[in-house]
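Please load the entry below in your viewer and keep the selection tool handy. We will go from one stop to the next together.

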Amino acid sequence: MFQRSLFRTSRPRFFYQTLTTEAPVAVTASSRRMILFCDHPLERTDHLCIKAGDMVAAGERIVPFSDASAYVVAPVAGRIQAVSPFVGDFGKNWTRIDLAAEDRGDVDSGFAAAADQVSLETVRQWMTGLPGGLEMAVIAGAEAPIDTLVVAATESDLLSVSAQYVLRHRIGAVSRGIDVLREITNAPRVVLVVGRDTVQGIGHVNAEIRAVSTVYPAAAPGLMLREVLHRELPAGGSPAAAGIAVVPVEAVAALGRSFAEKRLALEKVVTVVDKSGRRTLFEVPVGTPVADLLATADIQLENGDRLIAGGPMTGLCRYTDDYPVRPDTHCLMVQDAAAVGRVGSDPCINCGECVRICPARVPVNMLVRFLEVGKYETAAAEYDLFSCLDCGLCASVCPARIPIFQYIRLAKYELALSRAAEAENV
Ligand code: SF4
Ligand code: SF4
């Protein structure tokens with residue numbers, strides 16, 4: 001995973017993990033309860049249409065509010081136990097719905113009827129929570145007409161092999177999902193992007209196949225699109241704004257499976273990495289509590305251990321395991337308390353390691369000075385904040401252990417909020 005030059009004459013290099021044939025086969029972990037997050041804040045209970053005690057069928061669309069269209073889909077039949085507000089990463093407000101599974105076996109037929117018609121509207125109405133993370137604005141071409149659809153069968157972080165598992169074991173569903181997306185988006189070109197080590201043995205898919213480097217962070221959208229499409233994104237520009245819809249391979253497979261089987265495919269592949277670095281793949285419904293998944297993986301969380309959703313470079317720490325597997329939870333890792341690298345309180349020593357390793361050539365040593373004191377606008381205007389690819393490499397090499405990447409993420413989030421607020425007030 002990691003290479004450093006013996007005499008420190010070159011930058012350290014990190015490699016994406018490759019799914020080997022010896023890798024543990026995905027196993028299904030079942031849970032008696034589910035936690036669902038609805039992307040709408042619970043601020044007023046008088047607009048709530050659901051309550052504890054309500055029964056739901058598997059695959060039922062739950063619309064919690066009378067004045068908002070946000071919804072979740074129940075992965076299992078059960079009974080609502082609680083509806084509560086939840087504050088997530090960076091203070092984002094969600095509505096949390098706790099569901100107790102029941103062995104009633106009733107299945108909602110709404111999607112089966114809707115699946116007769118392959119359309120963007122059907123996808124919008126039913127598939128917000130599909131595993132893999134399907135962004136509706138991206139496939140709707142909300143920012144610009146789509147000229148290229150990119151199916152990314154690449155990993156989001158170093159230790160995950162979830163996308164490779166989907167590619168290897170669900171190629172038929174991927175192929176069907178590509179057909180669905182072609183129909184919905186009218187994209188004239190479809191490209192399946194895979195890691196260079198995984199390009200062999202892919203079955204037939206109705207798309208061009210392109211391989212990217214396995215050196216991290218080659219799969220970051222900006223770098224990937226430059227390598228495989230020879231297209232440059234402007235600093236801070238999204239692929240969607242350039243007419244490129246990037247869709248994770250797992251979302252494409254889930255889309256294909258859902259339409260083919262007329263049943264919402266809500267099972268998520270998660271790479272679980274334990275304290276010794278052992279990796280196991282699990283397949284669980286979106287909404288499965290992390291605590292239950294860790295119990296199935298025989299991992300005990302002790303005081304001081306660190307639970308990370310995502311990978312070692314870009315993952316986010318969770319303060320509790322009372323949290324669900326989300327559509328984009330590709331990897332979960334647990335670090336032993338003794339191995340956790342603590343954030344430092346030392347100031348920057350201007351060693352330049354972060355600048356040398358940054359693939360976007362951001363002047364990170366200068367950037368961090370402005371981020372530390374909340375000068376986000378200056379950081380964006382003068383020190384290339386929006387050229388950052390969100391890879392986390394700078395933080396991984398900083399000898400002062402400054403949480404550079406957390407500063408970057410927070411700054412981008414705050415600027416996005418303030419710019420959205422400004423746009424609303426214009
Ligand atoms: S600033 Fe840090 S996180 Fe951003 S691209 Fe450079 S190394 Fe990666
Ligand atoms: S790696 Fe850390 S200490 Fe070195 S220049 Fe960058 S921020 Fe400063």
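Here is a short tour of a sheet and two ligand sites.

This is a predicted model, in which local features need pLDDT of at least 70, side-chain atom pairs count only at pLDDT 80 or more, and totals for chains, interfaces and linings use all residues. Residues are numbered from 1 along each chain as its sequence is written, chains are lettered from A and ligands numbered from 1 in the order in which they are written, and side-chain values use heavy atoms, leaving out hydrogens and water.

**The sheet.** Select strands 12, 11, 10 and 13, which in that order make an open, parallel sheet (strands are DSSP E runs of at least two residues and helices H or I runs of at least four, numbered from the N terminus; a pair needs at least two DSSP bridges). Strand 12 (208-212) and strand 13 (244-248) are the edges; each has a single partner strand, so one side of each lacks a neighbour in the sheet. From one strand to the next, the twist averages 25° (axes are lines fitted to C-alpha atoms, for helices over the stretch in contact, with angles from 0 to 180 degrees between N-to-C directions).

Now add helix 6 (residues 221-229), which packs on the sheet and touches strands 10, 11, 12 and 13 (contact means heavy atoms within 4.5 Å). Its direction makes about 120° with that of strand 12.

Zoom in on strand 11 (residues 189-195), joined to strand 12 by five parallel bridges. Leu192 there faces Ile209 in strand 12.

**Ligand 1.** Residues around ligand 1 (a heavy atom within 4 Å) include Cys358, Cys388, Cys391 and Cys394. Helix 12 (393-397) and helix 13 (404-425) each supply at least two shell residues.

**Ligand 2.** Around ligand 2, pick out Cys348, Cys351, Cys354 and Cys398, among others.
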